[in-house]
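Reader: I've got a few "how do you know that" questions about this one. Can we go through them with the model open?

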Amino acid sequence: MKDLSVYRNIGIFAHVDAGKTTTTERILKLTGKIHKIGEVHDGAATTDFMDQEQERGITIQSAATSCEWDGHRLNIIDTPGHVDFTIEVYRSLKVLDGGVGVFCGSGGVEPQSETNWRYANDSEVARIIFVNKLDRIGADFLRVVQQIKDVLGANALVMTLPIGIEDNFSGVVDLLTRKAWVWDDSGDPTAFEITEPPAEMADQIEEWREKLIETALEQDDDLLEAYLEGNEPSVDDIKRCVRKGTIALDFFPTYCGSAFKNKGVQNVLNAVVDFLPDPTQVKPQPEIDLEGNETGGTAVVDPSQPLRALAFKIMDDRYGALTFTRIYSGKIKKGDNVLNTFTGKTERIGRIVEMHADSREELDVAQAGDIVALLGMKNTRTGHTLADADNPATLEPMVFPDPVISIAVTPKDKAATEKMGVALNKMVQEDPSFQVATDEDSGETLIKGMGELHLDIKVDILRRTHGVDVSMGKPQVAYRETITQTVDDSYTHKKQTGGSGQFAKMDYQIEPGEANSGYQFESKVTGGNIPREYWSAIEKAFQVSMAEGTLAGYPLLDVKFTLLDGAFHAVDSSAMAFEIATKNAYRQTVPKAGPQLLEPIMQVDVFTPEEHVGDVIGDLNRRRGMIKSQESGPTGTRVRAECPLGEMFGYIGHLRTMTSGRGQFGMEFAHYAPCPANVAEEVIKEAQERKANK
């Protein structure tokens, strides 16, 4: 039996360019997993093994690896920072017990850091913070600590202070032991010495150490009382309190350093071991039944319990599909048959492997607390639960956002058409935020995703990994429709063709629902004028009709349909007759209800040097953006705005031109809002032309 108290399942997450992958490389070097450090900017990082990642210097898919530190086993997932790939962060955090949030010492809390932090809060993941890049110009550790408190509302518990800053950054002071860790300039992460801190830092060290102890001891009333009476707690007592508060999410131990210069990473590793929870110390996963209701049971981390495992990522490689799985309880052996509670079918586990980026190690058995990849799973998808066939239960599934942008892709020749279908099917299995559909009007294949970069990478993967050359159409916005007025109406469906005919009569009301209320159905029919067995046919038929609005064919949102009265015929009425009547009623009444086109509005977060703020704001206004706030920092200004997605295509190019290449931006879906009349006219006209050309 493995000792789970020495396990740490952790993820490393941050904004683009804060240094997550570089930090992971240093961790792997220090733990002896790799012997030569690979750099992101050289395209040689261990966990960035895709061609696209190496060329662009960004992480696209989360990579799993494991290593040993101080007698503990660390399962580490390096996640992407770019907003288009947040889905990778979300699903990784969902299965992890702890995280390391990396922040840039000069950039501070950037847009994507907030999204990732919010995901981690939702998943209730304990975290430690690493403020990286303190060797950079404009770096300021305490300013970033303040930003973490102000912007994220998180209580950053300072555990180390930097010695020197920018070019003079040489090491850190550990506040618990009052010792300085100083590295030489050889670039060897193990070339450091532990000495007395600089004398001029004495007051600062005592001030922050006092804050650290007071915050930590709030976890133990007896120790706090003794401390207030003048008794200094032991380092072990303080550590125990810090661990308790970290696991309870009361505060987040905060460290500083420069991963690129190999300074400060050991302290982070020690903190992972000392303060982050082992698999048995996190809140057990709730179990739900097949209808989605909580059963009150939980998947307790215990190898002797029935199997409960969550597939959180599918990755296709040269050996076949790998199903990354977190085992919450029980154990699995090679050759076992397990039940997929989503499909209701059993699957046989061909092989179990432990991943180190894109290389692997074979295992015969895996147990609660492990993160492994399974081979041979044919029908398991992201978010599916694998359970004991004799004792089934489902874990809370993952919820993925709907795509906001689509483009048409056409294979260059006939031979590539079939190949493209197979490749897209594999890519959809790997990434739940990526969808494929066929445009009914044009017959084109549409790929849908979370942003331009997301789809750009997907097309690149199609071309290189799967060898399918495609041409791309221009990006399409995922518009929606709704109604603005309440209409009472009536529809009668009669058809007589000899023998039994069809008859259905309905009086009904359709009205606008609350924002995000979706579709609501209510029946006020009394006296059996429409028998109850036909109500569900009416409800479903209206819902199916809503997939295509009457203005431009986009899905209809937020509508309430109330069945008021009607009539039926004992022989000629049927569920089919009421279904046809409902579909015709939809086409008759929705155009009378003030239909309106809605466009996706994005939350845009732009970082720009001070001298270009005016240009950036002017440009956002021209794009129909609403400026929400702007904050000045030492290295530039951050502008937050809400802009329609349709106006944001190609924005990164404009931003770089305006800011001499120094601007950055992040963007995520916020909500749908009514389109201005001129935009709506243009969209409706295009939709009509597409229909006419069909």
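Reader: What makes Cys-104 count as buried or exposed?

Author: This is a predicted model, so the value is computed from predicted coordinates. Cys-104 has 4% relative accessibility, and buried means under 20%, so Cys-104 counts as buried.

Reader: And Cys-256, buried or exposed?

Author: Its relative accessible area is 1%. Set that against the cut-off of under 20%, and Cys-256 is buried too.

Reader: How many disulfides are there, and how do you know?

Author: Zero, from a search of the whole structure. To count, a pair of cysteine sulfur atoms has to lie within 2.5 Å, so the search found no such pair.

Reader: Why are β7, β8, β9 and β10 called a sheet, and is it open or closed?

Author: Two strands pair if there are at least two bridges between them. Take β7 and β8 (residues 171-174): four bridges join them, so they pass, and they run antiparallel. One bridge partnership is Ile-163 with Gly-171 in β8. The sheet is open, in the order β7-β8-β9-β10 with antiparallel pairing. Its edge strands are β7 (160-163) and β10 (192-195), each pairing on one side only. On average, neighbouring strands are turned by 25 degrees against each other, direction ignored.

Reader: Which helix packs on that sheet?

Author: Helix α9 (residues 265-275), which touches β7, β8, β9 (179-183) and β10. The direction of α9 makes about 130 degrees with that of β9.

Reader: What makes a nonpolar core here, and which residues touch the most other members of the largest one?

Author: A core is a set of buried residues of the nonpolar kinds, joined through side-chain atoms within 4.5 Å. The largest has 68 residues, and Val-100, Ile-148 and Val-242 touch the most other members. Helix α9 gives the most to this core, with seven residues. Leaving aside neighbours within four places in sequence, the contacts of Val-242 include Leu-157, Met-159, Leu-212 and Phe-275. Another core, of 44 residues, lies apart from it, with Ile-461 and Met-602 among them.

Reader: How do α6 and α7 pack, and which residues meet?

Author: Helix α6 (residues 202-217) and helix α7 (residues 221-228) pack at an angle of about 140 degrees, with their axes 8 Å apart. On the α6 side are Glu-210, Ile-213, Glu-214 and Leu-217, which meet Asp-221, Leu-223, Leu-224 and Tyr-227 in α7. By class, that contact has five nonpolar, no polar and three charged residues.

Methods
Residues numbered from 1 in each chain as written. Predicted model: local features only at pLDDT ≥ 70, side-chain atom pairs only at ≥ 80, totals over all residues. Heavy atoms only, no water. Helix = DSSP H or I, 4+ residues; strand = E, 2+ residues; numbered from the N terminus. Axes fitted to C-alpha atoms, helices over the stretch in contact; angles between N-to-C directions. Contact = heavy atoms within 4.5 Å. Nonpolar A, V, L, I, M, F, W, Y, C, P; charged D, E, K, R; others polar. Buried < 20%, exposed > 50% of the residue type's maximum accessible area, 1.4 Å probe, protein only.
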